[in-house]
Amino acid sequence: MPYPQRSILFCEDLPTRPVAGKGLILVTGAGGYIGGRIVPELIARGYRVRVLVRSHGESYGLRWPGAEIVEGDALSIEDLKRAMDQVNTAYYLMHSLLLGPKKFGNLDLTVAKNFRLAAGEKGVERIIYLGGLGDKNDFLSAHLKSRLEVARELMKGPVAVTVIRAAVIIGSGSAAFEIIKNLVDRIPVICLPVYAKTLCQPIGIRDVIKYLVGCLEHENTRGREFDIGGNEILSYENMMKVVADILGKRRWFTRLPLPLNTFSFLASFITPVPAAITRSLLEGLGNEVVCRNEEIQALIPFETVPFREAVKRAMKIEEEDTMQSRWSCAYPPNGNLVPRLHDLPRVPHYISRHWIDSPKLDRSLFYAFCRIGGKEGWFHNNWMWYLRGEIDRLFLGVGMSRGRRSQSELWENDVIDFFRVEKIEPYRRLLLRAEMKLPGQAWLEFTVKAENPHLNRLIVTAYFEPRGLWGDIYWYFFLPFHYLIFTRLIQAIERQGRSREREYLMPRM
């Protein structure tokens, strides 16, 4: 389960060809949705690739064999300089939407300035940036305005910048796609704001990746700006109707004079995407996002995937559980890296530990607790976990609905509901870091420890480092529930291991 599946490649029929001797290619935002898709493409085409991630996990080396992994913070010019040493071309694929509309603009502009300065000093020859569509003369949403300002900031330096602008990206793991799909899937009567008639030119994820790789391989794209989109222009309402038809759902659409803030807030409770991202994306409903400059089609000619087909492919990948990256994979851009458990100066103030002895093999128990969360739930007392998640959503936290990228595999930095995987040690340990709204920092750890040749001890441990008096009150309020929740949880995990032992002991093909 902790081992990655083979990447699905999109560029095998790309009309451009790999450029020999191109030098080192840096991919920033590699832990996110787009970056996670482009890295395997570049490796498969023979390029030397370096990836910049905010938090290094061992799984990155398994996912991208041959790539150089560099840990760093884009707010640090020194980290960026270190990442850009001897780099020929750098992909700029970072954003801070998780901070919400009021905060991400300034942070993104600061990161872009740092990136420009570091690239110029280290002699980077080229930057390829993926931004957002939107007429420069319109009153743009905060998200689209920020994308435009980042492009302008990058172009102030001596490095040649290729700007690619896209509208809604359709693919498994895309935030925009998950918003649309979940709204259609879960609501029989969909009340849309008047902006739902605004026109959009969506594009499939595979086509976005093709253009990004194609620009690297076509010299005439250097220092130019391009709009990319699919071959259809649709309203947001029409896109939702197509998705409803594919899902086989009969839906009624009506329009109400809802403020976009209200609509995005309500939508965040229905979709897995947190309110900060949902609001940032849905505020763009008021802007028409269609291609004005289609020169790239002459330079990198290929037939784009129709909207309906892109949706079907995304749903098929979800059903097959072969999603390679997801919007939730990006590390929270809160300006500072969240300390890991082993980085704390001392052991967390509060610890609660529960265990059970089992005759099951270590790998059987390990695979069982690696399947928690997402569609399978938490095996016991699911209503308690979901209630805690809904409380978190009320305070604009991530909640439980983020789910998982995959139920059949798990990587470090993957999301499991309102946790993020901090560490995986195969057949021994899974450490989760809480990302809900808390008056402190919390971790949940599952371990398997051999007690004797015939018994393994399955242990679940909750760690909490409080922040002030409210943190202490929070811990003691929930402490009485720990025995009920965690003892039942490890019993359920042990039963899951028992039922799946034969499955996991089968040889890997």
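## A tour from the sheet to Ser406

Begin by selecting strand β1 (residues 24-28) together with strand β4 (residues 87-92), which run parallel and are joined by 4 bridges; strands here are DSSP runs of E with at least two residues, helices are runs of H or I with at least four, and both are numbered from the N terminus. This is a predicted model, in which local features need pLDDT of at least 70 and side-chain atom pairs count only at pLDDT 80 or more, while totals for chains, interfaces and linings use all residues. Residues are numbered from 1 along each chain as its sequence is written, and side-chain values use heavy atoms, with hydrogens and water left out.

Next, pick Leu26, whose bridge partner in β4 is Ala90.

Now add helix α1 (residues 33-44), which packs on the sheet and touches β1, β2 (48-53), β4 and β5 (126-132) (contact means heavy atoms within 4.5 Å). The direction of α1 makes about 165° with that of β1, where axes are lines fitted to C-alpha atoms, for helices over the stretch in contact, and angles run from 0 to 180 degrees between N-to-C directions.

Then select helix α5 (residues 142-154), which packs on the sheet against β4, β5 and β6 (160-166), its direction making about 165° with that of β5.

Finally, go to Ser406, in the loop between α14 (382-394) and β15 (415-416). Ser406 is buried, with a relative accessible area of 2% (buried means under 20%, exposed over 50%, partly exposed in between, with a 1.4 Å probe and protein chains only). From there, the side chain of Ser406 reaches the backbone nitrogen of Glu409 at 3.3 Å.

Terms used:
Pairing = 2+ DSSP bridges. Polar contact = N/O pair within 3.5 Å; in protein donor to acceptor, adjacent residues only side chain to side chain.
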